[in-house]
Amino acid sequence: MMLDGLYQEIILDHYKNPHGRGLRDPFDGEAHHVNPTCGDEITVRVSEDLSEISYDGLGCSISQASASVLHELVQGQELGRASEIHHAFVELMQSRGQVEPDEEVLGDGIAFAGVAKFPARVKCALLPWMAFKDAAARAGVDVGVSPEVKA
Amino acid sequence: MTFDVARVRKDFPIFEREVNGHPLVYLDSANTSQKPVQVLDVMRAHQERYNGNVSRSVHTLGTESTEAYEGARARIATFIGAASADEVVFTKNSTEGINLAAYSLGQLLRLGPGDEVVISEMEHHSNLVPWQLLCERTGATLRWFGITDDGRLDESSLNDLVSERTKIVSLVHMSNVLGTVNDLSRIAARTREVGALLMLDCSQSVPHLPIDVQSLGADLIAFTGHKMLGPTGIGVLWGRLDLLSQMPPFLAGGSMIETVTMAGTTFAAPPARFEAGTPPITEAIGLGAAVDYLTGLGMEAIHQHEQDITRYALDALQSVPGVRIFGPATVEGRGGTVSFGVDGVHPHDVGQILDALGVEVRVGHHCARPVCSRFSVPAMTRASFYLYTTTDEIDALARGLDQVKKVFG
């Protein structure tokens, strides 16, 4: 079935057993993002040194699994590496399936390669990453210029 | 005579296609309906043979085009039981019709602080946000009916909500989420009693129910062409002629004037007053053809078919463990739009898996976020039916939900 590309086991695992879910204190920046077309919501909190990334949200398997992967990949990374991961994930989601993801950088995030082929779902996957970027900015941390988001 | 759904489906070319390797199961007609060849052919023929601008040309093409455009208006007027074709204003869609009404009535009634506009929690955003904005502009107060647990308008505080302060009541006739068909008789009577105007959003009712504006008790209604077998880009605002005649224009420009000098302008009578600029001519003619098609089958027969399908669907969905239906649980006072939740699975995921099986449903908040909030869910999955929906398609939906539960179980 075509869906095999979308609902990878890795994604379903993160959805059913999310990593790091729940908002925690203290934090330096927080952002709440909403997907206006479907009502999905996420709140992301970050500490200035990225040693703590917490989140909570309501949404589909793709957006919630994506938040779990974000937490797993980015929390505790130094800024340069965090920016690289963020950039790679956004680029992958913009690729319409034309980019081969680098597991070295994206870890479980490579499971989202299939999502990029479903334009209606790309914004689900990006929701936590965009909220993270905003939360980081509010903590005074610039994770860099993202590839343009058209979704 | 029984309704021959197999014959009806032959008029809709789209049912010949497959989606993701499965026969198309289209359960999203509340979103937009499919189009029969009878509508597509009329629109193509108009563009190929009769195209000219309307209401401004003396030449043959312009005359034929105008006749076709005005002929569509007349047939739509008959379709809804309007007293005259002049009561039918062509708009872009329901949203534009409601914005027109909100803007124009706000001026006509000189709405201000102390005045009240009453809507409901059941509204599509298109019958909510224009009134919010009107109240923000004028200082009037927006109030609203709530929704009962079984998905009906809560009329328990009718006499308090609709009072001498009320100037406009604007309500949805049939909910695009819950499928509820609101019985508006008490509200209409109370609205008249206090001297307010009643507007109805009939986007979901005109396509599916026999409608007679004379007996609805409303002063204005809005509906849209693309949900009733017509094209996008064309809708209707119907209003009582004596009311339309008093209403100031909304959009200004060509075609809506009586005379123009550099010092000032006087305006045409309705409906022209509200149709500034070149209208969507082909689309209006297409909507006329859609109305002919619906009239040919008979709105009573279409409604009966949808009641049968809805009863079948409610039974089918209620027999799937873990499925919760939002809105009336029986076909009484409801139409063929059924929203539901699947325990533990987000509607986006439900919709995605159904799509992989060729089953097209809508997921999300359906442009009616307060309805979702009322039932404490961020989103819902919605299946909606029309004259071409079959019981086989409902069975495909039920099988699809089994698959959903398998993936996320």
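In chain B of this predicted model, 24 residues of domain 1 touch 22 residues of domain 2. The assignment behind those labels puts 5-30 + 299-408 in domain 1 of chain B and 40-295 in domain 2. Taken over C-alpha atoms, the centres of the two domains sit 28 Å apart.

On the domain 1 side of this contact, four elements of chain B each chip in at least two residues: helix H11 (299-318), strand S15 (337-342), helix H13 (369-374) and strand S18 (380-384). H11(B) brings the largest share, with five residues. Sorted by class, the domain 1 residues that touch domain 2 come out as eleven nonpolar, eight polar and five charged.

Turning to helix packing, helix H12 (residues 347-356) and helix H14 (residues 391-408) of chain B pack with their axes 9 Å apart, at an angle of about 120°. An angle between 115 and 145 degrees is neither roughly perpendicular nor roughly antiparallel, so H12(B) and H14(B) count as oblique to each other. The crossing of H12(B) past H14(B) is right-handed.

As for who touches whom, H12(B) contributes B:Asp349, B:Val350, B:Ile353 and B:Leu354, while H14(B) offers B:Gly400, B:Gln403, B:Val404, B:Val407 and B:Phe408. Split by class, this helix-helix contact holds six nonpolar residues, two polar ones and one charged.

Conventions:
Residues numbered from 1 in each chain as written. Chains lettered and ligands numbered in written order. Predicted model: local features only at pLDDT ≥ 70, side-chain atom pairs only at ≥ 80, totals over all residues. Axes fitted to C-alpha atoms, helices over the stretch in contact; angles between N-to-C directions. Parallel < 35°, antiparallel > 145°, perpendicular 65-115°, else oblique. Left-handed = near helix turned anticlockwise from the far one by under 90°. Contact = placed C-beta atoms within 7 Å. Nonpolar A, V, L, I, M, F, W, Y, C, P; charged D, E, K, R; others polar. Domains from an automatic or database assignment.
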